[in-house]
Amino acid sequence: MAKILVVADMEKDNVSKSALEQLAFAKKSGVPADAILIGKGAGSQADILAGHGAEKVFICDNSNVENFLNASWSAVIVEAQKQSGADIILIKASELGKALAPKVAGKINAGVVNDCSTVAIDGDAVTVTRLSMATKVQEILRFKSPVKVISVKPGLAEMDAGARPKAAVKIDIAAPAPDPKNMLKETVFKKTQRVDLGDAKIVVSIGRGAEKNVDDINRLADLIGAAVGATRPVIEDGLVPYNLQVGQTGRKVSPDLYIALGISGSILHIAGMIKSKCIVAVNRNPQAPIFAVADYGIVGDVNAVLPVLMNNLVKYIK
Amino acid sequence: MNIVVFIKQTVDVEQKIRVKENGKILEKGLGYVISACDECAIEEAVRIKEKNRDASVTLVCMGPTSAKKTIRRGLSLGADKAIHLLNGAYNSNDATANARIFASVLKTIPFDIVFLGKQAQDTDMQATAEILSEMLGLPMASNCVKVDIRADKAVVHRQADRHLELIELGKPCVISVNNDINNPRYPSLKSILTARIKPVVSKKPTDFGLGEDEIGRAGSLIERIKYETPQARAAGKIFEGDAAEITNKVIELLATEARVIG
Ligand SMILES: Cc1cc2nc3c(=O)[nH]c(=O)nc-3n(C[C@H](O)[C@H](O)[C@H](O)COP(=O)(O)OP(=O)(O)OC[C@H]3O[C@@H](n4cnc5c(N)ncnc54)[C@H](O)[C@@H]3O)c2cc1C
């Protein structure tokens, strides 16, 4: 009988939405689920996870785990998996999650698949789908190992918005001692109050054709509560920080609305945004490949279109 | 100092890729390249070598006979020698089987630093470097955008989702690199020519002590059922004309038709 362990992470002071989506997925699949929550202040979120269906909530609330995310987190997750008896471990397919999943799998000789869009559980059989080759193909994979580690994209299932917190069955897990051969010395955050690319409902993305408009685009993003993304050349030109690169080797985003400004539409960029619900492209070249994936295309100059967006888009944002 | 770089030859994802009715990729006519992050890993290793006279860079490439091209390319970037793991029938490894083979190779050659690309450009999976580090019990960092090798440790910058992490790894260690870490050089004619005479030894994945059931399909924990062509996005509405007019039209449609704002 299958059992899921959801690896929940914190977004600022709250448990992440994808963890709640994963619990909703477990319920929908008729599979019991436990959760593990790691990080400072994790204990305060246990009742929320229980309210969303976690039978047991493993907690590692210790600043030691901040010391080195992958090395110590994977050990904590393996310990929780042992105690829970879960055979399916779900992790958010963030940059951290995609590095963590194979570390966990490597420790317990489990199979691992990163970046899955769907998961199907049928008795002991687990199959997943994911995009590969810069999203040009989709592959369907099957696990042969007893324990399966899966990192999943946002939107695995609709989270239960009406769920109320409930007293959790809490189990504490001690953090391993920091490993001097593997030490996180410093964490550098870019100073921004803006919503993170991964969580944003709207992303405004800057291409080489909009490099002169970076200030205005930042302003637009602030006006409408959007995150800013960019193509690789714009990052290389130093106009936007590294962690905002969207594409095959950058971030993969799936907001409700993705606005591509002056972006040609290379497959290496499209690979990072094709899963957006709605794509708007602004490009002065009607032949630009970005229009092939756009729901709405504006053939025009960014310099002319941007002021209109700044004036009028904001009227629709609550 | 010995640096080992694992490299992969992958299908060039910028070309048209078709899925056949039997769920396999139509391979006829496909072009192959060195996986982008792997090329950056070689470049990074060569830059370290250029700063450390005693350093040597060994490439390990698992792939068919045709992967020779990728190996020569890597050597022309400045690596010293290479091991070609001819996978032959064992060409359906998952990340675990790959890592197991790489770990067995590393038990037979000296190394201080192991580099891999963050992800292969064909699978986009990202798992081999992490599993390899677990199998060897070595410190590792994923997705690095800066590497600084000191006497007793490696200081790396790892790109996370919202932040950068400065991590110190004791040597020996495993480092996976993002393609943003550097811009690989264009090899000169001279380096292309000297690459031809650099030593390349051909080996089989079973030459390092592993049994046949530990590699290939038998040794893999993941099996591909098939490939599919992803669902194409529905054709969009493309507007030309007065910028203000068409922009306002699109804003209206975002609210009334797509319902993603308002
Ligand atoms: C290994 C590797 C990995 C890569 N990974 C990524 C990745 O993860 N993400 C990524 O984005 N790229 C990546 N790239 C780069 C990618 O191949 C493209 O070069 C890049 O996406 C192009 O960026 P762009 O669209 O901004 O620029 P361009 O291709 O130069 O396009 C600019 C567009 O702007 C339009 N334009 C110009 N001026 C205006 C104007 N005034 N108004 C309106 N339109 C205008 C032009 O018509 C053109 O279509 C990678 C490349 C390599 C080699």
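The chat below goes through the ligand site and some local features of this predicted model.

User: Let's start with the ligand. How many residues surround it, and which are the closest?

Analyst: The ligand is surrounded by 26 residues, and the closest are A:Arg208, A:Thr231, A:Val246, A:Ser264 and A:Asn283.

User: Which chains do the surrounding residues come from?

Analyst: They come from chains A and B, so the site is shared between chains.

User: What polar contacts should I look at, say with A:Val246, A:Ser266 and A:Asp301?

Analyst: A polar backbone atom of A:Val246 is 2.8 Å from a nitrogen atom of the ligand, while an N or O atom in the side chain of A:Ser266 is 3.3 Å from a ligand oxygen atom. A nitrogen atom of the ligand also lies 3.2 Å from a polar side-chain atom of A:Asp301.

User: And how much of the ligand's accessible area does the protein cover?

Analyst: On its own the ligand has 980 Å² of accessible area, and the protein covers 80% of that.

User: Which elements give two or more residues to the shell?

Analyst: Those are helix H6 (232-236) and helix H7 (267-270), both of chain A. By class, the shell around the ligand has 16 polar, 6 nonpolar and 4 charged residues.

User: What follows H7 in chain A, and where does A:Met273 sit?

Analyst: A:Met273 is in the loop between H7 and strand E16 (278-283) of chain A. With a relative accessible area of 0%, A:Met273 is buried, and its C-alpha is 7.6 Å from that of A:Tyr258, although the two are 15 residues apart in sequence.

User: Switching to backbone oddities: which peptide bond is cis?

Analyst: The bond from B:Lys171 to B:Pro172 is cis, with omega near -5°, whereas most peptide bonds are trans. B:Pro172 is placed in the loop between strand E9 (163-170) and strand E10 (173-177) of chain B.

User: What about phi at A:Thr135 and B:Asp124?

Analyst: A:Thr135 has a positive phi of about 65° although it is not a glycine, and B:Asp124, also a residue other than glycine, has a positive phi near 55°. Most residues other than glycine have a negative phi. A:Thr135 is in the loop between strand E8 (125-132) and strand E9 (137-143) of chain A, and B:Asp124 is in the loop between strand E6 (113-117) and helix H4 (128-136) of chain B.

User: Is each of those buried or exposed?

Analyst: A:Thr135 is buried at a relative accessible area of 14%, and B:Asp124 counts as buried at 4%, because the cut-off for buried is under 20%.

User: OK, aromatics. How many pairs are there over all chains?

Analyst: The count comes to 1 aromatic pair over all chains. The rings of B:Phe6 and B:Phe102 have centres 4.2 Å apart and planes at 20°, so the pair is stacked. This pair links distant parts of the chain, 96 residues apart, with B:Phe6 in strand E1 (residues 2-7) and B:Phe102 in helix H3 (residues 95-106) of chain B.

User: Are those two rings' residues buried or exposed?

Analyst: B:Phe6 counts as buried at 3% relative accessibility, and B:Phe102 is buried too, with a relative accessible area of 9%.

User: Last one: what is the span of helix H1 in chain B, and which residues in it are buried?

Analyst: H1 of chain B (residues 36-51) has 16 residues and reaches 23 Å from its first C-alpha to its last, close to the 22 Å expected. Its buried residues include B:Cys37, B:Asp38, B:Glu39, B:Cys40, B:Ala41 and B:Ile48.

Terms used. Residues are numbered from 1 along each chain as its sequence is written. Chains are lettered from A and ligands numbered from 1 in the order in which they are written. This is a predicted model: local features need pLDDT of at least 70, side-chain atom pairs count only at pLDDT 80 or more; totals for chains, interfaces and linings use all residues. Side-chain values use heavy atoms; hydrogens and water are left out. A residue is near a molecule or strand if one of its heavy atoms lies within 4 Å of it. A polar contact is a pair of N or O atoms within 3.5 Å; within protein, one must be able to donate a hydrogen and the other to accept it, and residues adjacent in sequence count only if both atoms are side-chain atoms. Accessible areas come from the Shrake-Rupley method with a 1.4 Å probe; for residues, only the protein chains shown count as cover. Helices (H or I, at least four residues) and strands (E, at least two) are DSSP runs, numbered from the N terminus. Ala, Val, Leu, Ile, Met, Phe, Trp, Tyr, Cys and Pro count as nonpolar, Asp, Glu, Lys and Arg as charged, and the others, Gly among them, as polar. The expected span of a helix is 1.5 Å times one less than its number of residues. Buried means under 20% relative accessible area, exposed over 50%, partly exposed in between (1.4 Å probe, protein chains only). Rings of Phe, Tyr and Trp (its six-membered ring) pair if their centres lie within 6.5 Å; planes under 30 degrees apart count as stacked, over 60 as edge-to-face and the rest as tilted.
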